[in-house]
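Colleague: I would like to learn how to read helix packing and ligand surroundings from a set of coordinates. Could we work through an example together?

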Amino acid sequence: MAPLISAAEVAKHNNKGDCWVILNGDVYDLTNFLPEHPAGANIILKYAGKDGSKAFNPIHPSDIIQKLLPAKVRVGKVDPATLKAEAAEKPSEEELQRQKAESSKPPLSQMLNMWDFEAVAKQVLKKEAWAYYSSGADDEITLRENHAAFGRIWLKPRILIDVAKIDMSTTILGQKSSIPLYISATALGRLGHPDGECNLTRAAHTHDIIQMIPTLASCTFDEIRGAARNGQHQFFQLYVNKDRKITEAVVRKAEAAGCKGLFITVDAPQLGRREKDMRMKFDDDSAIQKETGDRVDRNQGAARAISSFIDPALKWDDIKWFKSITKMPIVLKGVQCAEDAVLAYQYGCQGVVLSNHGGRQLDWSRSGIEILPEVMAALDAVGARDKLEVYVDGGVRRATDIFKAVALGAKAVGIGRPLLYAMSSYGQAGVERALDLLKDEMEMTMRLMGTPTIKDITRSHVITDNLNKHISVVEDFSMNSVYDRLSTSANPKL
Ligand SMILES: Cc1cc2nc3c(=O)[nH]c(=O)nc-3n(C[C@H](O)[C@H](O)[C@H](O)COP(=O)(O)O)c2cc1C
């Protein structure tokens with residue numbers, strides 16, 4: 001039986017040399033862990049002697065302490081009778097506005113496209129969550145380019161083809177999918193909704209599509225796998241840990257749990273500067289900063305706070321090792337040129353995702369859709385077109401985008417933010433509606449293009465002359481109205 005500890009007792013352990021924190025009813029002695037916390041000591045010290053659950057829960061899987069820290073850090077349980085009801089903090093003007101937007105948001109039935117969800121999410125998400133989800137690297141050039149690049153491909157519809165029946169189903173790594181689309185891995189789902197990534201799992205089941213489970217999910221892997229139904233297939237996204245024993249255990253666990261593909265993220269040896277997120281500074285308590293002299297996390301947002309374990313020394317030779325520890329097909333997520341796609345094939349991978357991480361890593365890197373034609377040509381040259389599956393993610397907002405990617409040789413596209421926004425605004429029902437809308441659009445696109453099945457969609461259906469010239473003629477109004485910059489007196493918030 002864990003000892004019952006009064007809140008007053010916990011409150012005595014409130015400093016750098018003696019730091020207890022209450023998390024979901026349990027009391028932990030985190031003193032020795034302070035220097036090791038990936039997000040720095042300050043954020044823990046902010047809750048020293050207090051209950052930190054509210055800050056902890058949205059960004060940590062519930063099993064993280066048991067997994068990473070020795071059992072002895074748990075000192076006992078807090079006696080609930082001694083906990084004072086938290087004095088209600090006066091909500092800020094911004095928070096009041098958010099709450100108003102939440103209670104007056106349009107009914108789900110009024111959402112007609114992915115931009116609608118984004119517009120609602122911008123209003124209803126807490127500012128930290130909006131900053132984390134929406135941010136791109138540096139000046140967000142690549143973030144915008146990801147969608148703008150689709151605007152440089154035009155369609156060439158064909159007529160008088162029997163399109164009474166449309167079949168958009170396909171396979172991804174041999175697994176059935178009702179549309180050439182999968183849910184890409186996005187970290188910290190619970191920042192947007194209390195059920196986090198499990199919303200995506202359930203909606204993926206409703207729609208018969210595949211979800212990629214993120215390493216940095218805020219639900220536990222078991223919760224997400226547990227939310228899957230009736231043999232529902234999932235992929236696993238891996239951030240490679242510097243400690244290869246941990247990496248191996250994670251990979252083996254994903255395989256044993258039935259994941260059907262291992263997507264190794266290869267575009268993040270260092271996290272990009274996502275300044276909107278960094279400005280939020282998850283830890284903004286300068287008094288604590290002074291006390292500890294800890295400057296490491298002074299300017300970190302959620303992204304940098306959670307990713308310090310990722311191995312920057314990962315290299316091509318490691319693929320051999322991955323192949324020795326798993327039978328799951330291996331896909332490299334974050335390939336950005338033809339040469340690397342060919343290398344992926346030569347190293348025995350089964351797929352590549354042409355991706356720049358949703359514009360969150362290297363600004364001025366090209367969009368996946370722009371790279372696709374050169375990748376397919378290079379794979380043709382080595383006779384590997386049918387031996388390596390190629391996916392594209394980044395900026396997919398319309399089914400015409402999916403169509404364009406398939407026409408240029410992609411097996412499927414990955415979608416990130418739109419589904420996070422749908423989830424944050426309306427939960428599982430929002431994600432289901434977003435996928436409904438994409439399917440409606442896809443059906444119409446395929447019918448109007450004269451392509452009743454996925455295999456009917458070919459290179460000849462798209463015009464790409466302008467794709468790599470980087471001149472976007474059509475103004476990208478939707479993105480411009482949704483993404484915001486630093487708010488200053490000269491540039492007030494929109
Ligand atoms: C909030 C957020 C978190 C993400 N987290 C991860 C991650 O943990 N691992 C990863 O490989 N990619 C991550 N990505 C990148 C996505 O998997 C995907 O490449 C990208 O979102 C696609 O672009 P889109 O958002 O325009 O659809 C993240 C993207 C976003 C927006």
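Modeller: Let us begin with a pair of helices, keeping in mind that this is a predicted model: helix H11 passes helix H15 in a right-handed crossing. The residues that make this contact are Arg-244, Thr-247, Glu-248, Val-251, Arg-252 and Glu-255 on the H11 side, and Asp-318, Trp-321, Phe-322 and Ile-325 on the H15 side. Sorted by class, the contact of H11 with H15 comprises four nonpolar, one polar and five charged residues.

Colleague: Which quantities describe two packed helices?

Modeller: In general, one gives the angle between the two axes together with the distance between those axes. In the present case, H11 spans residues 244–256 and H15 spans residues 318–325, and they pack at an angle of about 45° with their axes 10 Å apart. Since angles from 35 to 65 degrees fall outside both the roughly parallel and the roughly perpendicular ranges, H11 and H15 are therefore oblique to each other.

Colleague: At what angle do the axes of H16 and H17 cross, and within what distance do they come?

Modeller: The axes of H16, which covers residues 338–346, and H17, which covers residues 368–381, come within 8 Å and cross at roughly 45°. H16 and H17 are therefore oblique to each other, and their crossing is right-handed.

Colleague: Which residues of H16 and H17 meet, and what is the make-up of the contact by class?

Modeller: From H16, Ala-338, Ala-341 and Val-342 meet Glu-374, Val-375, Ala-378 and Leu-379 of H17. By class, the contact of H16 with H17 has six nonpolar residues, no polar residues and one charged residue.

Colleague: Turning to the ligand, how many residues surround it, and which are the closest?

Modeller: The ligand is surrounded by 23 residues, of which the closest are Ser-184, Ala-185, Thr-265, Asp-393 and Gly-416.

Colleague: Which polar atoms of Lys-333, Gly-416 and Arg-417 should I look at, side-chain or backbone?

Modeller: For Lys-333, look at the side chain, where a polar atom lies 2.9 Å from a nitrogen atom of the ligand. For Gly-416, a polar backbone atom is 2.9 Å from an oxygen atom of the ligand, and for Arg-417, a polar backbone atom is likewise 2.9 Å from a ligand oxygen atom.

Technical notes
Residues are numbered from 1 along each chain as its sequence is written. This is a predicted model: local features need pLDDT of at least 70, side-chain atom pairs count only at pLDDT 80 or more; totals for chains, interfaces and linings use all residues. Side-chain values use heavy atoms; hydrogens and water are left out. Axes are lines fitted to C-alpha atoms, for helices over the stretch in contact, and angles run from 0 to 180 degrees between N-to-C directions. Helices (H or I, at least four residues) and strands (E, at least two) are DSSP runs, numbered from the N terminus. Angles under 35 degrees count as roughly parallel, over 145 as roughly antiparallel, 65 to 115 as roughly perpendicular and the rest as oblique. A crossing is left-handed if the near helix is turned anticlockwise from the far one by less than a right angle, and right-handed if clockwise. Contact means heavy atoms within 4.5 Å. Ala, Val, Leu, Ile, Met, Phe, Trp, Tyr, Cys and Pro count as nonpolar, Asp, Glu, Lys and Arg as charged, and the others, Gly among them, as polar. A residue is near a molecule or strand if one of its heavy atoms lies within 4 Å of it. A polar contact is a pair of N or O atoms within 3.5 Å; within protein, one must be able to donate a hydrogen and the other to accept it, and residues adjacent in sequence count only if both atoms are side-chain atoms.
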